[in-house]
Amino acid sequence: VRMANSLRSEVIKLYKNLLYLGREYPKGADYFRSRLKAAFLKNKDEKDPEKIKQLIARGEFVIKELEALYFLRKYRAMKQRYYSDDK
C-alpha cells in the first residue's frame, strides 16, 4: 500500500506538470487536456508497480518532448525576429 501511495503522488505530479505544459500546446490547451485525461483514464486501473513506473517514465519522456518543442518554437520566433532570411 505504501508503494502504491508513493506512486500515486508521482502520477499526480506528472499529471499536473503535463497539464501545465499543455497550456502552450500548438493545437490548443483544450485539445491537449482532453487527450491527457483520456490517456490517464485508460490506465487508471493499473495495479502493477512496475507497469506504473514504465507509464510514469513514458510521461516524463513526453514532458521532455514538449519542452523541446516549445524551446524550438521560441528559438524560431527569436531567429525570425532578429535575422532576415535574405543573405
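What follows is a look at the overall build of the chain and at its salt bridges.

The model is a predicted one. Its fold is simple to list: 3 helices and 0 strands, running α-α-α from the N terminus. As for overall dimensions, the C-alpha atoms fill a box of roughly 65 × 20 × 15 Å along the principal axes. The radius of gyration comes out at 17 Å, where a compact globule of 87 residues would sit near 12 Å. Just 16% of the 87 residues count as buried. The accessible surface adds up to about 7,700 Å², with 55% of that belonging to carbon and sulfur atoms. Even so, among contacts with a separation of 6 or more, 69% are between residues 24 or more positions apart.

On the charge side, the chain carries 22 positive and 12 negative charges, and their mean positions lie 3 Å apart. Side chains of opposite charge can pair when their charged atoms come close. Here the count comes to 4 salt bridges.

One of them joins E24 and R73, at 3.7 Å from N to O. E24 lies in the loop between helix 1 (2-21) and helix 2 (29-42), while R73 belongs to helix 3 (residues 49-82), so this pair ties together parts 49 residues apart in sequence. Both partners are partly exposed, E24 at 44% relative accessible area and R73 at 39%.

Another bridge stays within helix 2: R33 and D30 are 3 residues apart there, about one turn of the helix, and their closest N and O atoms are 2.8 Å apart. R33 is partly exposed at 41%, whereas D30 is exposed at 55%. D45 and K44 also pair up, with 3.8 Å between the closest N and O atoms; D45 is exposed at 58%, and K44 is exposed at 55%.

Technical notes. Residues are numbered from 1 along each chain as its sequence is written. This is a predicted model: local features need pLDDT of at least 70, side-chain atom pairs count only at pLDDT 80 or more; totals for chains, interfaces and linings use all residues. Side-chain values use heavy atoms; hydrogens and water are left out. Helices (H or I, at least four residues) and strands (E, at least two) are DSSP runs, numbered from the N terminus. The radius of gyration is taken over C-alpha atoms; the globule rule is 2.2 Å times the number of residues to the power 0.38. Buried means under 20% relative accessible area, exposed over 50%, partly exposed in between (1.4 Å probe, protein chains only). Contact means heavy atoms within 4.5 Å. Accessible areas come from the Shrake-Rupley method with a 1.4 Å probe; for residues, only the protein chains shown count as cover. Lys and Arg count as positive and Asp and Glu as negative; His and the chain ends are not counted. The place of a charge is taken as NZ of Lys, CZ of Arg, CG of Asp or CD of Glu. A salt bridge is a side-chain nitrogen of Lys or Arg within 4 Å of a carboxyl oxygen of Asp or Glu.
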